[in-house]
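The following paragraphs lead through a single protein model, residue by residue and element by element. Please keep the sequence and the structure in view while reading.

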Amino acid sequence: MLSTHIYLNGQCKESIEAYVKAFKATVQTVVLNPAQEELVLHAEILIHGQLLYLNDFGDGDGFSKSGGYQLVIRFDSEEELKEAYAVLSAGSTTISPPQATEYSVCQVRFVDRFDVRWAFWV
């Protein structure tokens, strides 16, 4: 599965409300940043049956910029994730190494050697 993940720089809650209204989207998940409750750490909404990931990206990882993007691949197993990461990790910059998060048993975030930002999740 290939999904789109967009960064909204402090406007995530507002955008979710607008997308729900405009597209009759269904909110599946909203995880607030524990350190800054006004920021969304992770959200998932369905628009016309397609999953869209959104957040404010308030964690200051140093890689997010206004208008940024991240391509997200959700794998069925941790093994599949690690195999794909092994292929793309050469020459890449790791943002967060493979690890469990609040919303995934295993996640890795990186910018590949082609300057494409990825997140792999199980």
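Arg 74 offers a convenient point of entry: its relative accessibility is 27%, so this residue counts as partly exposed. The structure is a predicted model, and every value below is computed from it. Arg 74 takes part in a salt bridge with Glu 44, in which the closest N and O atoms are 3.7 Å apart. Glu 44 belongs to strand 3 and Arg 74 to strand 5 (residues 69-74), so this pair ties together parts that are 30 residues apart in sequence. Unlike its partner, Glu 44 is buried, because its relative accessible area is 8% and the limit for a buried residue is under 20%.

The structure holds 2 salt bridges in total. The other pair is formed by the side chains of Glu 78 and Lys 82, with an N to O distance of 3.1 Å. Both residues lie in helix 2 (residues 78-88), where they are 4 residues apart, about one turn of the helix. In general, an α-helix has 3.6 residues a turn, so residues three or four places apart point the same way. Glu 78 is partly exposed at a relative accessible area of 35%, and Lys 82 is likewise partly exposed at 43%.

A charged residue without such a partner is Asp 112, in the loop between strand 7 (104-111) and strand 8 (117-121). Which side chain of opposite charge is nearest to Asp 112? That side chain is Arg 113, at 6.7 Å, and Asp 112 is buried yet has no salt bridge. The cut-off for a salt bridge is 4 Å, which is why a separation of 6.7 Å does not qualify. Asp 112 does have a polar contact of 2.9 Å, side chain to side chain, with Trp 118. Apart from residues up to four places away in sequence, Asp 112 touches Leu 88, Gly 91, Ser 92 and Trp 118.

Helix 1 can be considered next. Its 12 residues (12-23) should span 16 Å at 1.5 Å a residue, and the C-alpha atoms at its ends are indeed 16 Å apart. Which way does the helix face? Cys 12, Ser 15 and Ile 16 are its buried residues to note. These three cover an arc of only 105° around the axis, which means that they lie on the same side of helix 1. The face turned away from this buried side carries Glu 14, Glu 17 and Lys 21, which are exposed. The cover over the buried residues includes strand 2 (26-33), strand 3 (36-47) and strand 4 (50-55). Just after the helix, Lys 24 adopts a positive phi of about 55°.

The packing against helix 1 can be followed from Ile 45, a residue of strand 3. Ile 45 counts as buried, because its relative accessibility is 0%. Leaving aside neighbours within four places in sequence, the contacts of Ile 45 include Ile 16 and Tyr 19, as well as Val 27, Leu 52 and Leu 54. Tyr 19 is 26 residues from Ile 45 in sequence, while their C-alpha atoms are 8.7 Å apart in space.

Towards the start of the chain, Met 1 occupies the segment before strand 1 (2-7). Met 1 is exposed, with a relative accessible area of 60%. Beyond residues up to four places away in sequence, Met 1 touches Val 72, Ile 73 and Arg 74, the last of these being the arginine of the first salt bridge described above. Met 1 and Asp 76 are 75 residues apart in sequence, yet their C-alpha atoms are 9.5 Å apart. Ser 3 lies in strand 1 and is buried, with a relative accessible area of 5%. Outside its neighbours within four places in sequence, Ser 3 is in contact with Leu 51, Tyr 53, Gln 70, Leu 71 and Val 72.

The last stop is Thr 94, in strand 6 (residues 93-101). At 37% relative accessibility, Thr 94 is partly exposed. Its contacts, leaving aside neighbours within four places in sequence, are Tyr 85, Arg 109 and Phe 110. The side chains of Thr 94 and Tyr 85 are joined by a polar contact of 2.8 Å. Phe 110 is 16 residues from Thr 94 along the chain, and the C-alpha atoms of these two residues are separated by 4.2 Å.

How values were computed
Residues numbered from 1 in each chain as written. Predicted model: local features only at pLDDT ≥ 70, side-chain atom pairs only at ≥ 80, totals over all residues. Heavy atoms only, no water. Helix = DSSP H or I, 4+ residues; strand = E, 2+ residues; numbered from the N terminus. Buried < 20%, exposed > 50% of the residue type's maximum accessible area, 1.4 Å probe, protein only. Lys, Arg positive; Asp, Glu negative; His and termini not counted. Polar contact = N/O pair within 3.5 Å; in protein donor to acceptor, adjacent residues only side chain to side chain. Contact = heavy atoms within 4.5 Å. Expected span 1.5 Å × (residues − 1). Arc of directions from axis to C-beta.
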